[in-house]
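Work through these exercises with the structure in view. Try each task before you read its solution.

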Amino acid sequence: MMSSSEAWFFWALLAAVFAALTAIFAKVGIEGVDSDLATLVRTAIILVVLCAFVGFSGKWSNPLTLPGRTWLFLGLSGLATGASWVCYFRALQLGEASKVAPVDKFSLVLVAVFAFIFLGERPAPREWAGIGLIASRVLLLALKR
């Protein structure tokens with residue numbers, strides 16, 4: 001059994017695998033379909049799957065009892081997720097998945113910067129170097145040949 005200090009990496013790696021599959025499946029799925037409609041269908045499927053998961057795993061509790069601050073920030077996160085998905089699906093419809101997905105991953109750089117500014121996180125110099133490499137590679141991939 002993994003300790004919690006190791007478990008995050010396992011789950012993050014799975015998230016990366018599923019994010020990669022998301023791009024591939026979405027690119028095929030939106031062929032000939034409006035990207036906003038495709039985003040709606042995808043979101044409805046996610047809602048059904050998550051409801052089933054939370055219910056069957058016994059994790060359901062009354063969400064109305066959550067603190068207002070939790071509602072505010074989860075609401076803002078939901079709005080940001082929706083906007084991200086709409087933009088991502090539009091980009092996939094217009095461009096190649098192998099180009100869209102790396103640019104989308106520029107979010108890694110932005111997360112580090114926003115976490116520094118708003119959450120007080122302080123990446124080590126080695127981590128900033130990695131973040132800089134990601135940023136430079138995204139630019140390299142985004143530039144026209």
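**Exercise 1. Describe how helices α5 and α6 pack: how far apart do their axes come, and at what angle do they cross?**

Step 1. Find the two elements. Helix α5 covers residues 107–119, and helix α6 covers residues 125–142. Helices are DSSP runs of H or I with at least four residues, strands are runs of E with at least two, and both are numbered from the N terminus.

Step 2. Take the axes. They come within 9 Å and cross at roughly 140°. Each axis is a line fitted to C-alpha atoms, for helices over the stretch in contact, and angles run from 0 to 180 degrees between N-to-C directions.

Step 3. Classify the angle. α5 is therefore oblique to α6. The classes are roughly parallel under 35 degrees, roughly antiparallel over 145, roughly perpendicular from 65 to 115, and oblique for the rest.

Step 4. Give the hand. The crossing of α5 and α6 is left-handed. In a left-handed crossing the near helix is turned anticlockwise from the far one by less than a right angle; clockwise is right-handed.

The model is predicted: local features need pLDDT of at least 70, side-chain atom pairs count only at pLDDT 80 or more, and totals for chains, interfaces and linings use all residues. Residues are numbered from 1 along each chain as its sequence is written, and side-chain values use heavy atoms, with hydrogens and water left out.

**Exercise 2. Do the same for α3 and α4: at what angle do their axes cross?**

Step 1. Helix α3 spans residues 68–94, and helix α4 spans residues 97–104.

Step 2. Their axes come within 8 Å and cross at roughly 150°. So α3 is roughly antiparallel to α4.

Step 3. The crossing of α3 and α4 is right-handed.

**Exercise 3. Is L13 buried, partly exposed or exposed?**

Step 1. Locate L13: helix α1, residues 4–29.

Step 2. L13 counts as partly exposed because its relative accessibility is 47%. Buried means under 20% relative accessible area, exposed over 50%, and partly exposed in between (1.4 Å probe, protein chains only).

**Exercise 4. Place A129, and say how far A129 is from L76.**

Step 1. A129 lies in helix α6. Its relative accessible area is 44%, so A129 is partly exposed.

Step 2. A129 and L76 are 53 residues apart in sequence. In space they are 30 Å apart, C-alpha to C-alpha.

**Exercise 5. Summarise the whole chain: how many helices and strands does it have?**

Step 1. The protein chain has 6 helices and 0 strands. Its pattern along the sequence is α-α-α-α-α-α.

Step 2. Of the 145 residues, 15% are buried.
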